[in-house]
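Biologist: I am new to this structure and would like to learn how to read it, one feature at a time. Could we look at it together?

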Amino acid sequence: MITTEQLQQSNAVMEERIPVWILYGTTTGNSEQLAKDTAEELLKRGVEARLSDMEDFQVKELPLIEKLLIIVSTDGEGEPPLMATDFLEYLQSEEAPDLSNLSYSILALGDTTYFDFCKAGKDFDSVLEKLGAKRLFDRVDCDVDFEENYKKWMGALLKTEVS
Ligand SMILES: Cc1cc2nc3c(=O)[nH]c(=O)nc-3n(C[C@H](O)[C@H](O)[C@H](O)COP(=O)(O)O)c2cc1C
């Protein structure tokens with residue numbers, strides 16, 4: 001027969017906190033590439049981050065994450081990439097959980113020639129803040145030449161406790 005102690009132990013394992021998760025939303029692959037680069041950089045520093053696209057991400061994991069890194073582009077006229085739509089809508093819905101134990105940072109990809117520059121990244125930023133999550137540091141918005149700002153974002157990330 002299973003004891004209360006054993007049950008508590010198995011629950012503790014199931015609810016183990018996840019230190020760093022990198023989530024990306026992309027249409028043409030830039031955000032995916034940067035997400036992979038980020039995972040690699042962290043791994044070099046001994047941090048094993050989980051990496052997934054927003055479509056495959058199971059929202060039940062959300063309350064278990066300590067640090068969430070979001071890399072997301074904007075598509076259409078200020079819309080999130082298709083793969084990011086459900087996740088953003090979930091966060092904006094009444095079902096969204098309290099995220100006051102979560103820290104996050106956002107790298108937003110876009111193009112300054114569009115009226116709604118980096119809107120998807122801005123939408124994720126504002127909804128996470130509304131749900132109680134804390135910024136590790138300010139969101140970084142990138143124009144089509146994103147390398148320079150990606151480096152800035154990565155630099156800021158590496159200055160936090162994440163590494
Ligand atoms: C059809 C289309 C619509 C876009 N709409 C926007 C937009 O509304 N706002 C913006 O900032 N960037 C917009 N962009 C620019 C992309 O966000 C940018 O090229 C980004 O680097 C793409 O990243 P991804 O490959 O991760 O999707 C658009 C690009 C395309 C091709």
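Biologist: Is Arg135 buried, partly exposed or exposed?

Modeller: Before the answer, a word on the source: this is a predicted model, in which local features need pLDDT of at least 70 and side-chain atom pairs count only at pLDDT 80 or more, while totals for chains, interfaces and linings use all residues. Residues are numbered from 1 along each chain as its sequence is written, and side-chain values use heavy atoms, with hydrogens and water left out. As for the terms, a residue is buried under 20% relative accessible area, exposed over 50% and partly exposed in between, with a 1.4 Å probe and protein chains only. Arg135 is partly exposed, because its relative accessible area is 34%.

Biologist: With which residue does the side chain of Arg135 meet in a salt bridge?

Modeller: Side chains of opposite charge can pair when their charged atoms come close. The term salt bridge is used here for a side-chain nitrogen of Lys or Arg within 4 Å of a carboxyl oxygen of Asp or Glu. The partner of Arg135 is Glu129, at 3.4 Å from N to O, and Glu129 is partly exposed, with a relative accessible area of 43%. The structure holds 9 salt bridges, and a network of them links Asp125, Glu129, Arg135, Arg139 and Asp141.

Biologist: Which parts does the pair of Asp125 and Arg139 tie together?

Modeller: The side chains of Asp125 and Arg139 meet in a salt bridge of 3.0 Å, N to O. Asp125 lies in helix 4 and Arg139 in the loop between strand 5 (134-135) and strand 6 (140-142), so the pair ties together parts that are 14 residues apart in sequence. Helices (H or I, at least four residues) and strands (E, at least two) are DSSP runs, numbered from the N terminus. Asp125 is buried at 6% relative accessibility, whereas Arg139 is partly exposed at 25%.

Biologist: How many residues apart are Lys119 and Asp123 in helix 4?

Modeller: They are 4 residues apart, about one turn of the helix, which covers residues 119-130. Lys119 forms a salt bridge with Asp123, and their closest N and O atoms are 2.9 Å apart. Lys119 counts as partly exposed at 29% relative accessibility, while Asp123 is buried at 17%.

Biologist: Why is there no bond between the sulfur atoms of Cys118 and Cys142?

Modeller: A disulfide is a covalent bond between the sulfur atoms of two cysteines. The rule applied here asks for a pair of cysteine sulfur atoms within 2.5 Å. The closest cysteine sulfur to that of Cys118 belongs to Cys142 and is 6.6 Å away, which is too far for a bond. By this rule the count comes to 0 disulfides. Cys118 is buried, with a relative accessible area of 1%, and Cys142 also counts as buried, at 0%.

Biologist: Where does a polar side-chain atom of Ser73 lie with respect to the ligand?

Modeller: One way to read a ligand site is through polar contacts, pairs of N or O atoms within 3.5 Å; within protein, one must be able to donate a hydrogen and the other to accept it, and residues adjacent in sequence count only if both atoms are side-chain atoms. The polar side-chain atom of Ser73 lies 2.8 Å from an oxygen atom of the ligand, and a backbone N or O atom of Thr74 lies 2.6 Å from a ligand oxygen atom. At Gly76, a polar backbone atom is 2.7 Å from a nitrogen atom of the ligand.
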